[in-house]
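User: Please take a close look at one helix pairing in this model, and set it in the context of the whole chain.

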Amino acid sequence: MLLAPTNAALLTTVSSHTTSFRARRLHKAPFLNMAKQSDGDNNAKPRILCLHGKFQSGSIFSNKIAGARRKLSRGYDLHFLDGPIVLEDECANDDDMSLAPRSWWLRSDDGKHTLVDEALDYVIQHTDTDSYDAILGFSQGGTLATALSLSGAFPNIRAVITAGAPYIPEAFEVAASYSSNLDNPNKVGYDTPKLHLVGETDALVAVESTRQLCEHGGNGSLIVHDQGHLFPTRSARVQEILDFLTDAFSR
C-alpha cells in the first residue's frame, strides 16, 4: 500500500549520466511516498524506516526483499520512503512512478558525491523523525541510514541495519555538520547498535568499504555473507537481523 501526502510535491528528475537538474511539479499523484508494508494493528510495533538503494524506489526495494519483509513485519512496522531524485534515463515507458528508479544523491565525473546534504534534509523533512525506532538501508540507502543516525536528526533510533553499503566520507561530513549544533555532538548516534551486512562476491561494494562504514559509524557488527550486492533474504541471514533487533531493543 502506498501512502502519499495529500499536497502536490516537488519531484526532482535528473539524467543518470549527469548532475544537471530539472524539476517538475506533480499535481495528480505526488510521489514522495511512504510504502507501508504491514498486517493488522501495528500501534505497538517499533517502526523501522527503510531506505532503498540507487536505481530502486521504496516499492521496488519492498518487493525485492519480500521474504525478509514478511518476517520482519511480524514484529515491526516497516515504512519504505522514495528517494528524491528520479533517474530519467533508467525509467521504463509506463505511468507507474512508484517503479521509477531513484537515487538519494549523485556522483560527479570527478568522483565526488553531490547533493548528500540535500538527501539528509529530504528524509528529515518527509518523515516524522521522532517516531522511528530503527533505520534499515540497502547500498546507498544504508550509507544514508548510518549518516542519519550520526546526525542526531532521529533522536529515538535504537538500531541501524545496512546491506551492501559503502563508506562515503561526504555522508559523514554532512552528518557531523548536523550534529555539531547539539549538546554532545561527538556521542550522537555513535553508540547506537549497527549491523552491517556485505557480500563477499559483491562486485559493486567491496567488503573493505563496508568495513570502513562499520568502523566509522561506531558500535557496529560486520557480517560477510557468500552472496553479492543484495539485501539478504535467506532464512539464516534474516534470523541474524531479527536477533540483532531483539538485542538492540532490549537494551
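Analyst: What follows describes the packing of two helices and then the protein around them. The model is predicted, so local features need pLDDT of at least 70 and side-chain atom pairs count only at pLDDT 80 or more, while totals for chains, interfaces and linings use all residues. Residues are numbered from 1 along each chain as its sequence is written, and side-chain values use heavy atoms, with hydrogens and water left out.

Helix α3 spans residues 116-125 and helix α5 residues 169-179, and the two pack at an angle of about 55° with their axes 9 Å apart. Here axes are lines fitted to C-alpha atoms, for helices over the stretch in contact, and angles run from 0 to 180 degrees between N-to-C directions. The pair α3 and α5 is therefore oblique, a class left over once angles under 35 degrees (roughly parallel), over 145 (roughly antiparallel) and 65 to 115 (roughly perpendicular) are set aside. On the α3 side the contact (heavy atoms within 4.5 Å) is made by Val-116, Asp-117, Leu-120, Asp-121 and Ile-124, and on the α5 side by Glu-170, Ala-171, Val-174, Ala-175 and Tyr-178. By class, this contact has seven nonpolar, no polar and three charged residues, where Ala, Val, Leu, Ile, Met, Phe, Trp, Tyr, Cys and Pro count as nonpolar, Asp, Glu, Lys and Arg as charged, and the others, Gly among them, as polar.

For the protein, the secondary structure comes to seven helices and 14 strands, which are DSSP runs (helices H or I, at least four residues; strands E, at least two) numbered from the N terminus. Among contacts between residues at least 6 apart in sequence, 75% join residues at least 24 apart.
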